[in-house]
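Hi,

Here is the structure I promised to pass on. Have a look at it first, and then read my notes underneath.

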Amino acid sequence: MKHDPATFDPLAPGLRSKDRPHGPDNLYDEWEWEIVETSGYLAKTIAVLWRDPYSIYYENKRGDIGVMTTLTTPCPFCHQRHEHGIGDGHREPHCATRRVAPSASLSDGITVFHKDGYIIRTRATKR
């Protein structure tokens, strides 16, 4: 799917998921985790990384086709911001350091695990 940077809308219904039923967990009214049900297994609690809808950029340093990406809030496992392509949803971790914690406790005491990845969510408005 190709997006035109001039007309791209990160809040388009096809790129966002429905809000989760639990309330906000941090001071920006954003939750820090989601419960994801897996087929045949117990539900998993997975960390959520948020991104600003206005931080989208298109970069092409080598002359090939560039990819629009956004930067997320810091990862609870490596404490770095991650760069991900457009669209919300579950992702494999992109921790680019050897100092990755196998698990992390979030502000409300919930424990999430690096092996489960994280979920990307786009903020409704710019902070």
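Before the first find, a word on the criterion: a charge counts as sitting over a ring if NZ of Lys or CZ of Arg is within 6 Å of the ring centre and within 35 degrees of the ring normal. Lys115 and Phe113 fit that description, with Lys115 over the face of Phe113 at 5.6 Å from the ring centre. Please keep in mind throughout that this is a predicted model.

Now the overall picture. You will find nine strands and zero helices, so to speak a β-β-β-β-β-β-β-β-β pattern when you read along the sequence. Of the 127 residues in the protein, 35% are buried. The accessible surface comes to about 8400 Å², and carbon and sulfur atoms account for 53% of that. As for contacts between residues at least 6 apart in sequence, 50% join residues at least 24 apart.

Next, the aromatic rings. The structure holds one aromatic pair. Its members are Trp31 and Trp50: the ring centres are 5.1 Å apart and the planes sit at 75°, so the pair is edge-to-face. Planes over 60 degrees apart are what earns that label. Trp31 belongs to the segment before strand S1 (33-36) and Trp50 to strand S2 (residues 44-51), so the pair ties together parts that are 19 residues apart in sequence. Are these two tryptophans buried or exposed? Trp31 is buried, with a relative accessible area of 8%, and Trp50 is buried too, at 7% relative accessibility.

Strand S9 is the part I would look at after that. Five of the five residues of S9 (residues 118-122) are buried, so this strand is largely enclosed by the rest of the structure. Tyr118, Ile120 and Thr122 point one way from S9, while Ile119 and Arg121 point the other way. Both sets are buried, Arg121 included.

Which strands pair with S9? One is S2, which runs parallel to S9 and is joined to it by five bridges. Within that pairing, Val48 has Ile119 as its bridge partner in S9. Another is strand S6 (residues 89-91), which runs antiparallel to S9 with three bridges between them. There, Gly89 stands opposite Ile120 of S9.

Just ahead of S9 there is a residue with a charged side chain to check. Asp116 is in the loop between strand S8 (111-113) and S9, and at 8% relative accessibility Asp116 counts as buried. What does the side chain of Asp116 make a polar contact with? The partner is the side chain of Lys44, at 3.4 Å. Leaving out residues up to four places away in sequence, Asp116 touches Lys44, Thr45, Ile46 and His90.

Last, a backbone oddity. His79 has a positive phi of about 65°, although this residue is not a glycine. You can find His79 in the loop between strand S4 (67-74) and strand S5 (81-85). With a relative accessible area of 60%, His79 is exposed, whereas Asp116 in its own loop is buried.

Cheers

Terms used
Residues are numbered from 1 along each chain as its sequence is written. This is a predicted model: local features need pLDDT of at least 70, side-chain atom pairs count only at pLDDT 80 or more; totals for chains, interfaces and linings use all residues. Side-chain values use heavy atoms; hydrogens and water are left out. Helices (H or I, at least four residues) and strands (E, at least two) are DSSP runs, numbered from the N terminus. Buried means under 20% relative accessible area, exposed over 50%, partly exposed in between (1.4 Å probe, protein chains only). Contact means heavy atoms within 4.5 Å. Accessible areas come from the Shrake-Rupley method with a 1.4 Å probe; for residues, only the protein chains shown count as cover. Rings of Phe, Tyr and Trp (its six-membered ring) pair if their centres lie within 6.5 Å; planes under 30 degrees apart count as stacked, over 60 as edge-to-face and the rest as tilted. Two strands pair if DSSP finds at least two bridges between them. A polar contact is a pair of N or O atoms within 3.5 Å; within protein, one must be able to donate a hydrogen and the other to accept it, and residues adjacent in sequence count only if both atoms are side-chain atoms.
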